[in-house]
Amino acid sequence: EDLININDCINSKSITSSKISSNEIYGWMVSSYAPIVNSKGKVVAVLGCDFDAEALVNEIHNYRIFIILSGVVLLLIALFAIYLTMNKSLKIISMITSISGQVAKGVLNKKVEISTNDEFGLMSESVNQMIDHLSDIVSNIEKESSNFVQESSDVRQLSKNLAEVANSQATLTEEVSSSIVQIVSNIEENTSNARNAESINV
(Lines give C-alpha, C1' and ligand atoms only; values in the text may rest on other atoms or scores of the structure.)
Protein backbone atom coordinates (compact mmCIF):
# COMPACT_ATOMS: atom_id res chain seq x y z
CA GLU A 1 0.00 0.00 0.00
CA ASP A 2 2.91 2.35 0.75
CA LEU A 3 4.39 1.66 -2.70
CA ILE A 4 1.05 2.46 -4.32
CA ASN A 5 0.87 5.80 -2.47
CA ILE A 6 4.51 6.58 -3.39
CA ASN A 7 3.89 5.82 -7.08
CA ASP A 8 0.76 8.01 -7.02
CA CYS A 9 2.82 10.79 -5.43
CA ILE A 10 5.53 10.51 -8.14
CA ASN A 11 3.08 10.28 -11.03
CA SER A 12 0.77 13.07 -9.86
CA LYS A 13 3.60 15.19 -8.36
CA SER A 14 1.27 15.93 -5.44
CA ILE A 15 0.96 14.95 -1.80
CA THR A 16 -0.72 11.59 -1.17
CA SER A 17 -1.86 9.95 2.05
CA SER A 18 -2.65 6.43 3.09
CA LYS A 19 -5.77 5.31 4.87
CA ILE A 20 -5.91 5.46 8.64
CA SER A 21 -4.61 2.17 10.01
CA SER A 22 -3.97 0.68 13.43
CA ASN A 23 -0.60 -0.63 14.52
CA GLU A 24 0.05 -2.60 17.69
CA ILE A 25 3.19 -0.57 18.37
CA TYR A 26 2.26 2.92 17.19
CA GLY A 27 -1.52 2.73 17.41
CA TRP A 28 -3.60 4.70 14.92
CA MET A 29 -1.41 6.15 12.16
CA VAL A 30 -1.63 7.78 8.73
CA SER A 31 1.26 8.04 6.27
CA SER A 32 1.69 10.99 3.93
CA TYR A 33 4.09 11.39 1.00
CA ALA A 34 5.32 14.62 -0.61
CA PRO A 35 7.25 14.77 -3.89
CA ILE A 36 10.59 16.60 -4.10
CA VAL A 37 10.97 18.16 -7.55
CA ASN A 38 14.21 19.53 -9.10
CA SER A 39 14.52 22.64 -11.26
CA LYS A 40 13.45 20.67 -14.33
CA GLY A 41 10.20 19.59 -12.67
CA LYS A 42 11.28 16.02 -12.27
CA VAL A 43 10.58 14.12 -9.07
CA VAL A 44 13.92 13.15 -7.62
CA ALA A 45 12.79 12.02 -4.18
CA VAL A 46 9.74 11.41 -2.03
CA LEU A 47 9.41 12.63 1.55
CA GLY A 48 7.37 10.29 3.74
CA CYS A 49 6.01 11.06 7.19
CA ASP A 50 3.93 9.06 9.64
CA PHE A 51 1.41 10.97 11.76
CA ASP A 52 -0.32 9.92 14.96
CA ALA A 53 -3.99 9.57 13.99
CA GLU A 54 -5.31 8.82 17.49
CA ALA A 55 -6.58 12.36 17.95
CA LEU A 56 -8.15 12.29 14.50
CA VAL A 57 -9.84 8.97 15.23
CA ASN A 58 -11.16 10.34 18.52
CA GLU A 59 -12.38 13.48 16.76
CA ILE A 60 -14.17 11.38 14.16
CA HIS A 61 -15.68 9.23 16.90
CA ASN A 62 -16.84 12.29 18.82
CA TYR A 63 -18.22 13.79 15.65
CA ARG A 64 -20.21 10.64 14.96
CA ILE A 65 -21.59 10.70 18.50
CA PHE A 66 -22.47 14.38 18.07
CA ILE A 67 -24.25 13.65 14.78
CA ILE A 68 -26.21 10.78 16.36
CA LEU A 69 -27.18 12.83 19.42
CA SER A 70 -28.14 15.77 17.21
CA GLY A 71 -30.33 13.49 15.12
CA VAL A 72 -32.01 12.10 18.23
CA VAL A 73 -32.63 15.62 19.61
CA LEU A 74 -34.01 16.82 16.29
CA LEU A 75 -36.25 13.75 16.13
CA LEU A 76 -37.58 14.44 19.63
CA ILE A 77 -38.18 18.10 18.75
CA ALA A 78 -40.00 17.06 15.57
CA LEU A 79 -42.16 14.57 17.51
CA PHE A 80 -42.96 17.24 20.11
CA ALA A 81 -43.88 19.74 17.38
CA ILE A 82 -46.11 17.13 15.73
CA TYR A 83 -47.76 16.45 19.10
CA LEU A 84 -48.43 20.16 19.67
CA THR A 85 -49.79 20.55 16.14
CA MET A 86 -52.02 17.51 16.45
CA ASN A 87 -53.22 18.57 19.89
CA LYS A 88 -54.05 22.06 18.60
CA SER A 89 -55.76 20.61 15.56
CA LEU A 90 -57.85 18.27 17.71
CA LYS A 91 -58.89 21.16 19.97
CA ILE A 92 -59.90 23.27 16.95
CA ILE A 93 -61.85 20.38 15.42
CA SER A 94 -63.55 19.71 18.76
CA MET A 95 -64.49 23.41 19.07
CA ILE A 96 -65.91 23.54 15.54
CA THR A 97 -67.86 20.32 16.16
CA SER A 98 -69.29 21.71 19.42
CA ILE A 99 -70.36 24.99 17.78
CA SER A 100 -71.91 23.09 14.86
CA GLY A 101 -73.89 20.96 17.31
CA GLN A 102 -75.22 24.05 19.08
CA VAL A 103 -76.15 25.62 15.74
CA ALA A 104 -78.07 22.44 14.86
CA LYS A 105 -80.05 22.94 18.11
CA GLY A 106 -80.91 26.52 17.14
CA VAL A 107 -78.27 28.39 19.15
CA LEU A 108 -77.07 31.07 16.74
CA ASN A 109 -75.25 33.41 19.13
CA LYS A 110 -72.05 31.36 19.25
CA LYS A 111 -68.98 31.92 17.08
CA VAL A 112 -65.81 29.93 16.44
CA GLU A 113 -63.12 32.17 17.91
CA ILE A 114 -60.10 31.04 15.88
CA SER A 115 -57.91 33.49 13.98
CA THR A 116 -55.25 31.44 12.25
CA ASN A 117 -54.01 31.74 8.68
CA ASP A 118 -54.31 28.06 7.84
CA GLU A 119 -57.02 25.65 6.74
CA PHE A 120 -58.57 25.65 10.22
CA GLY A 121 -58.86 29.43 10.11
CA LEU A 122 -60.65 29.25 6.75
CA MET A 123 -62.92 26.52 8.10
CA SER A 124 -63.74 28.62 11.18
CA GLU A 125 -64.49 31.66 9.01
CA SER A 126 -66.81 29.57 6.84
CA VAL A 127 -68.65 28.26 9.92
CA ASN A 128 -69.06 31.80 11.28
CA GLN A 129 -70.38 33.00 7.91
CA MET A 130 -72.87 30.13 7.90
CA ILE A 131 -74.02 31.10 11.43
CA ASP A 132 -74.45 34.74 10.34
CA HIS A 133 -76.43 33.66 7.29
CA LEU A 134 -78.69 31.42 9.37
CA SER A 135 -79.18 34.24 11.89
CA ASP A 136 -80.27 36.56 9.08
CA ILE A 137 -82.69 33.95 7.76
CA VAL A 138 -84.20 33.35 11.22
CA SER A 139 -84.42 37.10 11.85
CA ASN A 140 -86.22 37.64 8.54
CA ILE A 141 -88.61 34.77 9.28
CA GLU A 142 -89.40 36.21 12.72
CA LYS A 143 -89.93 39.65 11.21
CA GLU A 144 -92.24 38.32 8.50
CA SER A 145 -94.11 36.24 11.08
CA SER A 146 -94.58 39.31 13.26
CA ASN A 147 -95.87 41.28 10.28
CA PHE A 148 -98.22 38.43 9.38
CA VAL A 149 -99.53 38.27 12.93
CA GLN A 150 -100.04 42.05 12.95
CA GLU A 151 -101.81 41.91 9.59
CA SER A 152 -103.98 39.03 10.81
CA SER A 153 -104.87 41.04 13.89
CA ASP A 154 -105.74 44.03 11.68
CA VAL A 155 -107.90 41.79 9.48
CA ARG A 156 -109.72 40.43 12.54
CA GLN A 157 -110.31 43.94 13.84
CA LEU A 158 -111.57 45.06 10.42
CA SER A 159 -113.90 42.06 10.25
CA LYS A 160 -115.17 42.86 13.72
CA ASN A 161 -115.79 46.47 12.73
CA LEU A 162 -117.58 45.41 9.55
CA ALA A 163 -119.75 43.02 11.58
CA GLU A 164 -120.63 45.79 14.00
CA VAL A 165 -121.52 48.12 11.10
CA ALA A 166 -123.63 45.37 9.51
CA ASN A 167 -125.44 44.78 12.81
CA SER A 168 -126.03 48.50 13.19
CA GLN A 169 -127.41 48.72 9.65
CA ALA A 170 -129.63 45.69 10.25
CA THR A 171 -130.99 47.24 13.44
CA LEU A 172 -131.55 50.54 11.64
CA THR A 173 -133.29 48.72 8.80
CA GLU A 174 -135.58 46.96 11.26
CA GLU A 175 -136.41 50.26 12.93
CA VAL A 176 -137.13 51.90 9.54
CA SER A 177 -139.29 48.93 8.52
CA SER A 178 -141.19 49.09 11.80
CA SER A 179 -141.73 52.82 11.34
CA ILE A 180 -142.99 52.32 7.79
CA VAL A 181 -145.38 49.62 8.99
CA GLN A 182 -146.62 51.94 11.71
CA ILE A 183 -147.08 54.79 9.22
CA VAL A 184 -148.99 52.53 6.81
CA SER A 185 -151.15 51.32 9.68
CA ASN A 186 -151.90 54.91 10.73
CA ILE A 187 -152.74 55.85 7.13
CA GLU A 188 -155.07 52.91 6.80
CA GLU A 189 -156.68 53.77 10.13
CA ASN A 190 -157.12 57.43 9.11
CA THR A 191 -158.57 56.40 5.77
CA SER A 192 -161.02 54.10 7.48
CA ASN A 193 -162.05 56.84 9.90
CA ALA A 194 -162.50 59.28 7.05
CA ARG A 195 -164.75 56.87 5.20
CA ASN A 196 -166.83 56.28 8.32
CA ALA A 197 -167.22 60.00 8.81
CA GLU A 198 -168.38 60.49 5.21
CA SER A 199 -170.97 57.73 5.56
CA ILE A 200 -172.35 59.32 8.76
CA ASN A 201 -172.70 62.74 7.10
CA VAL A 202 -174.59 61.29 4.17
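A nonpolar core is a set of buried Ala, Val, Leu, Ile, Met, Phe, Trp, Tyr and Cys residues joined through side-chain atoms within 4.5 Å. Keep that in mind for one of the exercises below, and remember throughout that this is a predicted model.

**Exercise 1. Get an overview of the fold and of the confidence.**

Task: find how many helices and strands the protein has, and in what order the elements run.

Solution. Begin with the count: the protein holds 3 helices and 4 strands. Next, walk along the chain from the N terminus, and the elements read α-β-β-β-β-α-α. Then look at the confidence, which averages a pLDDT of 78, with 91% of the residues scoring at least 70. Finally, compare the elements: α2 has the highest mean, 83, while strand β2 (residues 21-23) has the lowest, 73.

**Exercise 2. Judge the overall shape.**

Task: work out how the radius of gyration of the protein compares with that of a compact globule of 202 residues.

Solution. Start with the reference value: a compact globule of this length would come out near 17 Å. The protein has 58 Å instead. Now check the extent of the C-alpha trace, which spans about 195 × 40 × 20 Å along its principal axes. Burial comes next: 13% of the 202 residues count as buried. For the surface, the protein exposes about 16200 Å², and carbon and sulfur atoms supply 60% of that area. As a last step, consider contacts with a separation of 6 or more: 32% of them link residues 24 or more positions apart.

**Exercise 3. Trace the strand pairing.**

Task: identify which strands pair with β3, and in which sense.

Solution. Take the partners one at a time.

- β1 pairs with β3 in the antiparallel sense over 2 bridges. Here threonine 16 has tyrosine 33 in β3 as its bridge partner.
- β2 is antiparallel to β3, and 3 bridges join them. Serine 22 stands opposite tryptophan 28 in β3, and a hairpin of 3 residues connects the two strands.
- β4 (residues 43-52) pairs antiparallel with β3 (residues 27-37) over 9 bridges. Among the partners in β4, phenylalanine 51 faces valine 30.

To finish, look at the turn between β3 and β4: this hairpin has 5 residues between the strands, and glycine 41 takes a positive phi near 80 degrees there.

**Exercise 4. Classify two neighbouring serines.**

Task: decide whether serine 31 and serine 32 are buried or exposed, and list what they touch.

Solution. First place them: serine 31 is in strand β3, and serine 32 is found in β3 too. The cut-off for buried is under 20% relative accessible area. Serine 31 has 12% relative accessibility, so it is buried. Serine 32 is at 14%, so it is buried as well. Now turn to contacts beyond four places in sequence. Serine 31 is in contact with Thr16, Ser17, Ser18, Cys49 and Asp50. Serine 32 contacts Thr16, Ser17, Leu47, Gly48, Cys49 and Phe51. One of these residues, cysteine 49 in β4, is also the bridge partner of serine 32.

**Exercise 5. Examine the loop between α1 and β1.**

Task: find where lysine 13 and isoleucine 15 sit, and how accessible they are.

Solution. Isoleucine 15 belongs to the loop between α1 (2-12) and β1 (16-17), and lysine 13 is in the loop between α1 and β1 too. Lysine 13 is not a glycine, yet it has a positive phi of about 55 degrees. Its relative accessibility of 48% makes lysine 13 partly exposed. Exposed means over 50%, and isoleucine 15, with a relative accessible area of 63%, is therefore exposed. Apart from neighbours within four places in sequence, isoleucine 15 is in contact with Tyr33, Ala34 and Pro35. For a sense of distance, isoleucine 82 is 67 residues away in sequence, and the two C-alpha atoms are 50 Å apart.

**Exercise 6. Find the largest nonpolar core.**

Task: name the residues of this core and the element that gives the largest share.

Solution. Collect the members: Ile92, Ile96, Ile99, Val103, Val112, Ile114, Phe120, Val127 and Ile131, 9 residues in all. Then assign them to elements: α2 (54-104) and α3 (119-201) each give two or more residues. The largest share, 4 residues, comes from α2. Lastly, zoom in on isoleucine 131: not counting residues up to four places away, it touches Ile99, Val103, Leu108, Lys110 and Lys111.

Key
Residues are numbered from 1 along each chain as its sequence is written. Side-chain values use heavy atoms; hydrogens and water are left out. Buried means under 20% relative accessible area, exposed over 50%, partly exposed in between (1.4 Å probe, protein chains only). Contact means heavy atoms within 4.5 Å. pLDDT is the predictor's confidence in each residue, from 0 to 100. Two strands pair if DSSP finds at least two bridges between them. The radius of gyration is taken over C-alpha atoms; the globule rule is 2.2 Å times the number of residues to the power 0.38. Accessible areas come from the Shrake-Rupley method with a 1.4 Å probe; for residues, only the protein chains shown count as cover.
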